[in-house]
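Got your viewer open? Load the model shown here and keep the selection box handy.

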Amino acid sequence: MQLLTGLLLAATAVQAHYTFPRLVVNGKSEEKDWSATRMTKNAQSKQGVESATSGDIRCYTSQTAANVATVPAGSTIHYISTQQINHPGPTQYYLAKVPAGSSAKTFDGSGAVWFKIATTMPTVDNNKQLVWPGQNAYTTTNTTIPASTPNGEYLLRVEQIALHMASQPNKAQFYIACSQIEITGGGNGTPGPLVALPGAYKTNDPGILVNLYSMQPNEYKPPGPAVWSG
Ligand SMILES: *[C@@H]1O[C@H](CO)[C@@H](O)[C@H](O)[C@H]1NC(C)=O
Ligand SMILES: [Cu+2]
């Protein structure tokens, strides 16, 4: 009986976590999971990354995907989540331009190549808890690919950072996916600042090692560089 209860509890804990296997561009989803989005290491376990400085913080994957999704600059994107995104914390999007001579199907995202295009900030709910846009949704928050993003192949990275246990080091949970995309109809913007992942985050960044229960919403500082909005 005790064993059974333990198994049920373990199953419940797993169900509370999530992956983002499909990119949606202007309302149109990838036809199947992990086709332009690289299958993450937690595709089965659904557990988040807990070390902000490990190699897994980049894309949480050791594989590439078969396809490259076409994403017009200016389009609205989000990801479908396998479960409800129930944990409080920001959703951030990054892009990395694929270097000349490489391809979105093979580029590993190394080097200072990543720029942030979106983040989200909390508000306070009726129970005086910090809540973020998209919390409890089954999709990640919508964002727009800046219209002036130059054409070409990129990796698109989404992360939702679960902060409910983040008052202890290495207890924030990063839920991540990276997609292989080609941006079309873009402009001549100069995206930046460019950062490396791992590299941009430290274990004790104030947006990563943080006690949500003792702060005001406008005091929250999302980790990583400033947003480039085009
Ligand atoms: C997000 O974008 C989709 C289209 O891709 C749209 O159907 C949906 O209403 C948007 N959601 C929000 C909360 O704006
Ligand atoms: Cu959890």
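Here is a tour, from the whole chain down to single residues.

**Before you click.** This is a predicted model, so to speak of local features we need pLDDT of at least 70, side-chain atom pairs count only at pLDDT 80 or more, and totals for chains, interfaces and linings use all residues. Residues are numbered from 1 along each chain as its sequence is written, while chains are lettered from A and ligands numbered from 1 in the order in which they are written.

**Whole chain.** Zoom out. The C-alpha atoms fill a box of roughly 55 × 40 × 30 Å along the principal axes. The radius of gyration, taken over C-alpha atoms, is 17 Å, which agrees with the value near 17 Å for a compact globule of 230 residues; that rule is 2.2 Å times the number of residues to the power 0.38. Of the 230 residues, 41% count as buried, meaning that 20 or more other C-beta atoms lie within 10 Å of a residue's own; 12 or fewer is exposed, in between is partly exposed, and C-beta atoms are placed from the backbone.

Switch to cartoon. You should find 2 helices and 11 strands, running α-β-β-α-β-β-β-β-β-β-β-β-β from the N terminus. These are DSSP runs numbered from the N terminus: helices are H or I with at least four residues, strands are E with at least two.

**Residues 17-220.** Select this range next. An unreviewed UniProt entry places "domain: Auxiliary Activity family 9 catalytic" here; such annotations may be inferred rather than shown by experiment. The range is 2% helix and 27% strand, with its end C-alpha atoms 23 Å apart.

**Ligand 1.** Now show what surrounds ligand 1: V24, N26, G27, T76, H78 and N142. Near here means a C-beta atom, placed from the backbone, within 6 Å. What classes make up that shell around ligand 1? The shell has 1 nonpolar, 5 polar and no charged residues. For the classes, Ala, Val, Leu, Ile, Met, Phe, Trp, Tyr, Cys and Pro are nonpolar, Asp, Glu, Lys and Arg charged, and the others, Gly among them, polar.

**The core.** Go for I117, Y154, I176 and I181: of the 50 residues in the largest nonpolar core, they touch the most other members. A core is a set of buried Ala, Val, Leu, Ile, Met, Phe, Trp, Tyr and Cys residues joined through C-beta atoms within 7 Å. Elements giving two or more residues to this core include β1 (22-25), α2 (56-59), β6 (114-118) and β10 (152-162). Which element gives the most? That would be β11, with 7 residues.

Stay on I117 and add its partners, among them Y93, L95, I145, P146 and W228. Contact means C-beta atoms, placed from the backbone, within 7 Å.

**Backbone oddities.** In the segment after β11, pick P193, which a cis peptide bond joins to G192, with omega about -5 degrees. P198 lies in that segment after β11 too, and a cis bond with omega about 0 degrees joins L197 and P198.

Then try two positive phi values. K46 has phi near 65 degrees and lies in the loop between β2 (28-29) and α2; it counts as partly exposed because it has 17 C-beta neighbours inside 10 Å. K128 has a phi of about 65 degrees and lies in the loop between β7 (123-124) and β8 (130-131). Is K128 buried or exposed? With 7 C-beta neighbours inside 10 Å, K128 counts as exposed.

Note on methods
Two residues are in contact if their C-beta atoms, placed from the backbone, lie within 7 Å. Lists of a residue's contacts leave out its neighbours within four places in sequence.
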